Amino acid sequence: MESNRSSLMMMLINLLVPRAAPPFNGSNGASPAASGHRPLHRRVAIATGGSGGIGAAVTEHLVSLGARVVVGYVGDPTPAEKLVAVLNSDAGEAGPCAVAVAADVSDPAQVSRLFDEAQAAFGPDLHVLVAAAGVQDESYPRIADTAPEQWDRAFAVNARGTFLCCREAARRLVRGGGGRVVTFSSSNVGSLRPGYGAYVATKAAVEAMMKVLAKELAGTGITANSVAPGPVATPMFYAGKSEERVAAVAGECPMGRIGEPMDVAPVVGFLCSDAAGWINGQVIRVNGGYI
């Protein structure tokens, strides 16, 4: 009887205690353990929209975790170049950890070139895509008042741009471990507020696409998830809003404030790490309880 109990106990232990995940075998052969507390040591990440707002915080955080980051931007190069200069000056003898690459994510040729530039800068193995580039119409038109051009612009960047980046990532990210795709949705998909019709439609498309992509990447070891922030103190959030409206939004959050970019960046960093290897095809709402 005692022998049977012991056998049963061992069976339960084997079932309940998780097995260790296989070590990541990246281009440098280093495991996360070998790099101490830097779980993205020497991995290469592409971050679109990576020079401003939440994207800049994500870029800085990924570098702090040991990643080498390609900062995708559009328009004025100054913010991206300044961010990269600061990150590389802090890297010291470790060498450059960031480069800035101009890329309109709605253009497939430019997206392809973005990935080419990442490989030229840091080698053939690409590990992470963070698709943070996005736009929002600061006039907040109701659907009845939305011009086709406003609708098309939102979809060109938010939906088409995310699709093109995900398509390239699905083709190029490393197989067998360490591959991560993180896109950006919005908690507005849950709150469904008037004035956000086109914007919410683009983000709902992103959420659905990530769930499909996660299934299509079966067997590759690449995970695909989406982060959906609530109101965050960025230029895009403040654009077109009165002080009264901003105060009202802050009052609707159980935390009593607007989010900060660094409230979101660590969640993205976690999803890019091996510790998040069992999170796949999910939408993570990061909003302090806003919705």
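Which residue stands opposite Val-101 in β3? Select Val-101 and look across in this predicted model: the residue facing this valine of β3 is Gly-72.

Now show the strands on either side of that pair. β2 and β3 (residues 98-102) run parallel and are joined by five bridges. Add α3 to the selection, and β2, α3 and β3 together form a right-handed β-α-β unit.

Next, select α2, residues 53-64. From its first C-alpha to its last, α2 reaches 17 Å, close to the 16 Å expected for this helix of twelve residues. Nine of the twelve are buried, so α2 is mostly covered. Among the buried residues of α2 are Ile-54, Val-58, His-61 and Leu-62. Step past the end of the helix to Gly-66, which follows α2 and has a positive phi, near 105 degrees.

Stay with Leu-62 and bring up the side chains of the largest nonpolar core. This core has 33 residues, and Leu-62, Val-130 and Val-268 touch the most other members. At least two residues each come from β1 (44-48), α2, β2 (68-73), α3 (78-91), β4 (128-131), β5 (180-184) and α10 (261-271). The largest share, six residues, is supplied by α2. In soluble globular proteins, nonpolar side chains tend to be buried together.

Centre on Val-268. Beyond its neighbours within four places in sequence, Val-268 is in contact with Val-58, Val-130, Val-182, Phe-184 and Val-227. For the last stop, select Ala-103, Ala-133, Leu-213 and Leu-217, which are among the 30 residues of another core, lying apart from the largest one.

Notes. Residues are numbered from 1 along each chain as its sequence is written. This is a predicted model: local features need pLDDT of at least 70, side-chain atom pairs count only at pLDDT 80 or more; totals for chains, interfaces and linings use all residues. Side-chain values use heavy atoms; hydrogens and water are left out. A nonpolar core is a set of buried Ala, Val, Leu, Ile, Met, Phe, Trp, Tyr and Cys residues joined through side-chain atoms within 4.5 Å. Buried means under 20% relative accessible area, exposed over 50%, partly exposed in between (1.4 Å probe, protein chains only). Helices (H or I, at least four residues) and strands (E, at least two) are DSSP runs, numbered from the N terminus. Contact means heavy atoms within 4.5 Å. The expected span of a helix is 1.5 Å times one less than its number of residues. Two strands pair if DSSP finds at least two bridges between them. A crossover is right-handed if, with the strands pointing away from the viewer, the path from the first strand over the helix to the second runs clockwise.
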